[in-house]
Each structure stands twice: as C-alpha cells, then as structure tokens.
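The report below goes through one protein model, moving from single residues to helices and then to the whole chain. Please keep the sequence and the coordinates at hand while reading.

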Amino acid sequence: MTTDMTKGSPAKMLWRFTIPMLLSVVFQQFYNIADSVIAGRFIGENALAAVGASYPVTMIFMAVATGCNIGCSVVISQLFGAKSFQRMKTAISTSFLSALALAALLTLGGFVSAAPILHQMATPMNIFDDSMIYLNIYIGGLFFLFLYNLCNGVFTALGDSKTPLYFLIASSLANIGMDILFVVSFHMGVAGVAWATFLCQGIASIFAAFALYRRLKAIQVEKYPLFSKREFLRIAQIAVPSILQQSFISVGNLFIQTLVNGFGSAVVAGYSAAVKLNGFAVTGFSTLGSGLSNFTAQNIGAGQQKRVKEGFHAGIILTLCVAVPFVIAYFFFGAQMVGIFITNPSPDALAVGIDFLKIVSPFFLAIAVKLMADGVLRGAGSMRYFMIATFTDLVLRVILAFVLAPYFGATGIWLSWPIGWVIATALSLAFYGAGVWKKRTLQ
C-alpha cells in the first residue's frame with residue numbers, strides 16, 4: 001500500500017511510517033546477530049571471532065547497497081510527492097540497472113581482494129581460514145543483497161514500510177532456523193552460518209522483487225524509457241555521497257578492527273559481541289533517519305517545507321524514545337548482553353564487551369539526534385552538509401582510536417566513539433538550524 005506523506009498530521013504519519021521500518025531493521029539485524037550467536041554458542045569463541053573479523057569487510061558491501069537504496073529512495077520519493085509517475089518509473093528502472101551492474105563488479109572484486117584485506121587487517125591466524133570461508137560465501141550473495149535493498153528503497157519511497165517488514169520477518173525467522181539446522185544438525189561450522197544467510201537473503205529478495213513488480217504495474221503511465229541519464233545523475237547525486245558515507249564508516253571500522261586484532265582473539269571476541277550490539281542500536285536510529293528522509297523528500301517534492309520541520313520535531317521525540325531503552329539495557333546489563341553471543345565467555349572477552357558498552361551507550365542519545373538531522377539534510381538533497389558532519393565523525397573516531405590506544409589500550413579505542421559522535425551531532429544540528437535544507441527544490 002502506497003502512502004502520500006504530504007497530507008495529514010506529520011507526527012502521526014511519521015510514527016506510522018517509521019515504526020514498521022524500525023521493526024524491519026530489528027529483523028534485518030537478526031541476520032548478523034543470529035550468525036554471531038550461533039557461531040559463539042554452538043561452535044565456539046574462535047568462531048565468533050572469525051565472523052566478527054569478517055564483519056567490517058561485509059559492512060563495506062552493505063554500505064554500497066545501502067547507499068544505492070538511499071539514492072533511489074530519495075529521488076523516487078520526491079517524484080512520487082510531485083505526482084510525476086512517468087519519471088518515477090524511469091528512475092526506478094534506472095536504479096535497478098545501475099545498482100545490479102555495480103553488484104556484479106563488486107562480486108568479482110570481492111573474491112579477488114578478500115584474502116589480502118584480511119591479511120592487511122592482521123586477522124589472527126587461528127581464525128583466518130574460517131573468516132575467509134564466511135566472507136567468500138557472503139560475497140557470493142551480493143546480487144541478492146543489492147536486489148533486496150533496492151526493492152526496500154522503492155517500497156519506502158512509495159510510503160510503504162510494511163511490505164519490507166513482512167519479508168524480513170519471514171526471512172529472519174527462516175535464517176535462524178537454517179543457522180541451527182546447518183550448524184547444530186549438519187555440523188557445517190562457520191560455513192553453515194554463512195550459507196543460511198545466503199539462502200534466506202536470496203529467497204527474500206526474489207519474492208520482494210516480484211511483489212514490487214506487481215505494485216508498480218498497477219500504476220498506469222504512458223511508455224517510459226528504462227534508463228535515463230538525467231535520472232541516473234540525480235540518483236547518483238544522492239547515492240554517491242551516501243555510499244561514500246557508509247563506505248568510509250566501514251573503512252574506518254576496518255582500521256579500528258585492525259587495532260582490535262592486535263590485542264588477541266579474546267579481545268576480538270568481546271569486541272565482536274559488543275560492536276554487534278552497538279550496530280543493532282545505531283542501525284535502528286539510522287533507519288528512523290531514513291524514514292524521515294522519505295518524509296522530507298515527498299514534502300520537498302510537493303513544496304511543503306513547513307511539514308518537514310514538524311516532521312523533524314516528531315522524529316526527535318520518536319528516536320529518543322527508542323534510544324533510552326538501549327542505553328539502559330547496554331549500560332546496566334552489559335554482561336547479560338554480551339552473554340547472548342558467548343556461552344561461558346573468557347574473563348577478558350566479557351570485560352572488553354562490558355567496557356565498550358558502558359563507554360559508548362550513554363551517547364546513543366547524541367547519535368540518535370544527529371541521524372534525524374541528517375535525515376532532513378539527505379531527504380532535501382543537501383548532501384554537502386550531510387557529508388561534512390558524517391566525515392567529521394568518522395575521521396575523529398579513527399584518528400582518536402590510534403592516538404588513544406597506545407595510552408589506554410583497547411579502552412582508548414572505545415573512547416573515540418562518543419567524542420566523534422558529540423562533535424558531529426553539533427554540526428548536523430547547526431546545519432539543520434541554519435535552514436540549508438529549505439533551499440532545495442525538485443529539479
């Protein structure tokens with residue numbers, strides 16, 4: 001069901017639209033969390049470390065897929081808000097042709113570069129082989145990863161956040177079941193964890209593509225070109241900065257993972273559990289920001305800037321309501337949270353996980369607000385300011401991690417997170433307050 005977000009109460013509209021998106025990201029994170037939980041509890045601490053060591057590399061590919069999702073979603077939202085359906089369909093087909101071609105290139109490049117990247121990250125040799133197995137299977141499924149993200153981006157651009165949720169619920173539950181089947185029953189080890197994700201993600205993407213085809217077929221327009229350079233450039237204007245943002249964050253995480261790897265497999269295991277929990281929370285906030293981007297884009301397309309400001313205020317309340325429970329759970333119950341991933345964790349691994357969560361989680365309130373301000377900037381197409389705030393966060397976190405680690409050990413790495421978040425939040429709010437997003441109109 002498509003939803004026109006240019007009408008009705010902005011607060012009610014945003015809550016109804018973003019709550020299914022938040023639930024979607026909960027189930028989407030089950031892919032990664034289920035992999036780590038099954039690996040840690042049924043295979044062992046080294047298996048968890050192997051999956052965790054692969055995580056920053058997989059996130060680079062996820063970053064590109066997510067950036068493509070955002071680029072097509074913002075442009076399609078603007079065209080949908082402007083009721084320009086013929087251009088909208090051209091933008092959709094242009095997005096698919098471009099992004100799936102990119103997925104094919106990344107698959108080839110990924111197979112060639114996986115081993116050198118893991119070596120460059122100083123991956124401990126006792127987990128290297130399992131990390132390679134997991135990573136190669138993941139790379140083999142990039143086509144499905146991109147296909148699903150594009151379908152999800154189009155659904156949300158049309159104001160439908162429920163259909164992606166349904167696919168993710170089914171896929172996530174199936175993924176958990178297949179994880180257990182392959183690892184516990186078939187004793188496939190880390191490969192079983194990876195194949196379960198590959199198969200479930202592939203099936204979900206195919207069903208999502210079929211559902212989207214039927215949805216778009218119902219929107220009758222005159223014959224339209226399947227590819228347009230104009231729409232490609234408009235999508236790229238949003239997608240490329242978004243890809244760079246997501247990729248630079250992932251590359252930054254590669255550097256940080258390299259630092260962590262130097263402290264041994266026990267620290268890698270504790271960090272792997274904690275960073276998955278951190279990623280779960282931050283991805284939730286980011287998804288709410290993406291929902292606000294769609295809301296902003298539709299209203300920018302319709303020329304209703306006043307509704308954007310109302311939506312931003314409602315979004316702040318929504319994201320803080322989501323952030324507070326994460327802060328409480330991670331700060332006060334860190335041991336239990338880490339214990340989800342590892343049965344009888346070593347004292348070093350448990351201490352690392354708790355230390356990370358206690359340092360980082362209170363600042364979820366800051367990053368949650370930043371991502372909502374970013375949502376407005378991105379939805380309006382103000383990508384220059386969006387990039388400044390994002391890269392400030394990334395550069396500070398990476399540099400400070402390397403500066404502080406020699407003095408404070410692994411704890412110094414964790415301290416870099418809140419410093420980068422707070423400064424970047426101040427920048428994003430300053431850009432929003434300056435009204436740079438108000439100058440954007442549908443091109």
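Gln246 sits in helix 8 of what is a predicted model, and Gln246 is counted as buried because its relative accessible area is 18%, where the limit for burial is under 20%. Once neighbours within four places in sequence are set aside, the contacts of Gln246 are Ala63, Thr66 and Ile70. Gln246 can also be placed relative to Leu212, which is 34 residues away in sequence and 25 Å away in space, taken from C-alpha to C-alpha.

Glu231 belongs to helix 8 as well, a helix that covers residues 229–261. With 2% relative accessibility, Glu231 falls among the buried residues, and, not counting residues up to four places away in sequence, Glu231 touches Val75, Leu79, Arg87, Thr90 and Ala91.

Helix 8 residues appear again in the surroundings of Arg378, a residue of helix 13 (residues 364–379). The relative accessible area of Arg378 is 4%, so this residue is buried. Its contacts, leaving aside neighbours within four places in sequence, are Ile70, Val74, Ile238, Ser242, Gln245, Gly289, Ser290, Ser293, Met383 and Phe386. Ile70 is thus a contact of Arg378 and also a contact of Gln246. From Arg378 to Leu142 the C-alpha distance is 25 Å, with their positions 236 residues apart in sequence.

Asn69 is found in helix 2, which runs over residues 45–81. At a relative accessible area of 11%, Asn69 is buried, and its contacts beyond four places in sequence are Asn149, Asn152 and Gly153.

The four residues discussed so far are set side by side here.

| Residue | Relative accessible area | Contacts beyond four places in sequence |
|---|---|---|
| Gln246 | 18% | Ala63, Thr66, Ile70 |
| Glu231 | 2% | Val75, Leu79, Arg87, Thr90, Ala91 |
| Arg378 | 4% | including Ile70, Val74, Ile238 |
| Asn69 | 11% | Asn149, Asn152, Gly153 |

Two loop residues deserve attention for their backbone angles. Lys83, although not a glycine, has a positive phi of about 60 degrees, and its place is in the loop between helix 2 and helix 3 (85–120). The relative accessibility of Lys83 is 41%, and therefore Lys83 is classed as partly exposed. His187 likewise has a positive phi in a residue other than glycine, with a value near 55 degrees, and lies in the loop that joins helix 6 (162–185) to helix 7 (190–217). Is His187 buried or exposed? His187 is exposed, because its relative accessible area is 65% and the cut-off for exposure is over 50%.

The positive phi of His187 comes just after helix 6. Helix 6 itself consists of 24 residues and reaches 34 Å from its first C-alpha to its last, close to the 34 Å expected at 1.5 Å a residue. The buried residues of helix 6 include Phe167, Leu168, Phe182 and Val183, and among them are also the polar residues Ser171, Ser172, Asn175 and Asp179.

How does helix 9 compare with its expected span? Its 37 residues (265–301) should span 54 Å at 1.5 Å a residue, and the end C-alpha atoms are 51 Å apart, which agrees. Of these 37 residues, 33 are buried, so helix 9 is largely enclosed by the rest of the structure. After helix 9 comes Gly303, which has a positive phi near 75 degrees.

Taken as a whole, the protein has 15 helices and zero strands. Its radius of gyration is 21 Å, close to the 22 Å that the globule rule gives for 443 residues, so the protein is as compact as a globular protein of that length. Along the principal axes, the C-alpha atoms fill a box of roughly 60 × 45 × 35 Å. Burial applies to 60% of the 443 residues, and, among contacts with a separation of 6 or more, 85% come from residues 24 or more positions apart.

The accessible surface amounts to about 16,900 Å², and carbon and sulfur atoms account for 70% of that area. As for charge, the protein carries 27 positive and 14 negative side chains, and the centres of the two sets are 17 Å apart.

Note on methods:
Residues numbered from 1 in each chain as written. Predicted model: local features only at pLDDT ≥ 70, side-chain atom pairs only at ≥ 80, totals over all residues. Heavy atoms only, no water. Helix = DSSP H or I, 4+ residues; strand = E, 2+ residues; numbered from the N terminus. Buried < 20%, exposed > 50% of the residue type's maximum accessible area, 1.4 Å probe, protein only. Contact = heavy atoms within 4.5 Å. Rg over C-alpha atoms; globule rule 2.2 N^0.38 Å. Areas by Shrake-Rupley, 256 points an atom, 1.4 Å probe, with all protein chains shown as cover. Lys, Arg positive; Asp, Glu negative; His and termini not counted. Charge placed at Lys NZ, Arg CZ, Asp CG, Glu CD. Expected span 1.5 Å × (residues − 1).
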